[in-house]
Amino acid sequence: VELLPNQYPKVAESGVGNTDDVQRVVRLGFQMALIGTTLMHSADPRALAGELLKAGRETALSLEMTKL
């Protein structure tokens, strides 16, 4: 992630299939993740999208709080 230009958002383009994966990519410094395939294979994509968003936001907020 450090090698990517700062003026562009950092996007995890694969390997995100659950909340643990989301937490991992956020901790690595990614700001977004592509999750289309994961949602397509889910029985309830709306619920899964909510879970993934929640995990990402909580992890990002936790990282920000540790900087204070």
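Me: How much space lies in the largest pocket?
Reply: Happy to start there. Keep in mind that this is a predicted model. The largest pocket holds about 460 Å³ of space.

Me: Which residues are the closest to the centre of that pocket?
Reply: The lining is made up of 19 residues, and those closest to the centre are Val-26, Phe-30, Gln-31, Met-32 and Gly-56.

Me: Which elements give two or more residues to the lining?
Reply: They are α1, β2 (32-33) and α3. Of these, α3 gives the most, with nine residues.

Me: And how does the lining divide by class?
Reply: Twelve of the lining residues are nonpolar, three are polar and four are charged.

Me: Since α1 and α3 both line the pocket, I'd like to look at how they pack. How are two packed helices described?
Reply: The general idea is that one gives the angle between the axes and the distance between the axes. In this structure, helix α1 (residues 19-28) packs with helix α3 (residues 45-67) at an angle of about 35°, and their axes are 9 Å apart.

Me: Is the crossing of α1 and α3 left-handed or right-handed?
Reply: Right-handed. On the α1 side, the contact is made by Thr-19, Val-22, Gln-23, Val-26 and Arg-27. On the α3 side, Glu-51, Leu-52, Ala-55, Gly-56, Thr-59, Ala-60 and Leu-63 take part. By class, the residues of this contact are six nonpolar, four polar and two charged. You will recognise Val-26 and Gly-56 from the centre of the pocket.

Me: Let's return to Gln-31. Where is its place in the chain, and is Gln-31 buried or exposed?
Reply: Gln-31 sits in the loop between α1 and β2. A residue counts as exposed when its relative accessible area is over 50%; Gln-31 has 55%, so it is exposed.

Me: What is Gln-31 in contact with, beyond its neighbours within four places in sequence?
Reply: Tyr-8, Pro-9 and Lys-10. You can also compare sequence and space: Gln-31 and Ala-60 are 29 residues apart in sequence, while their C-alpha to C-alpha distance is 8.8 Å.

Me: For another case, is Asp-21 buried or exposed?
Reply: Asp-21, which lies in helix α1, has a relative accessibility of 16%. Buried means under 20%, so Asp-21 counts as buried. Leaving out residues up to four places away in sequence, Asp-21 touches Gly-15 and Val-16.

Methods:
Residues numbered from 1 in each chain as written. Predicted model: local features only at pLDDT ≥ 70, side-chain atom pairs only at ≥ 80, totals over all residues. Heavy atoms only, no water. Axes fitted to C-alpha atoms, helices over the stretch in contact; angles between N-to-C directions. Helix = DSSP H or I, 4+ residues; strand = E, 2+ residues; numbered from the N terminus. Left-handed = near helix turned anticlockwise from the far one by under 90°. Contact = heavy atoms within 4.5 Å. Nonpolar A, V, L, I, M, F, W, Y, C, P; charged D, E, K, R; others polar. 1 Å grid on protein atoms, 1.4 Å probe; cavity = no way out; pocket = protein on both sides within 12 Å on 5 of 7 lines; lining within 4 Å. Points joined across faces, edges and corners; volume = space filled by probe spheres on them. Buried < 20%, exposed > 50% of the residue type's maximum accessible area, 1.4 Å probe, protein only.
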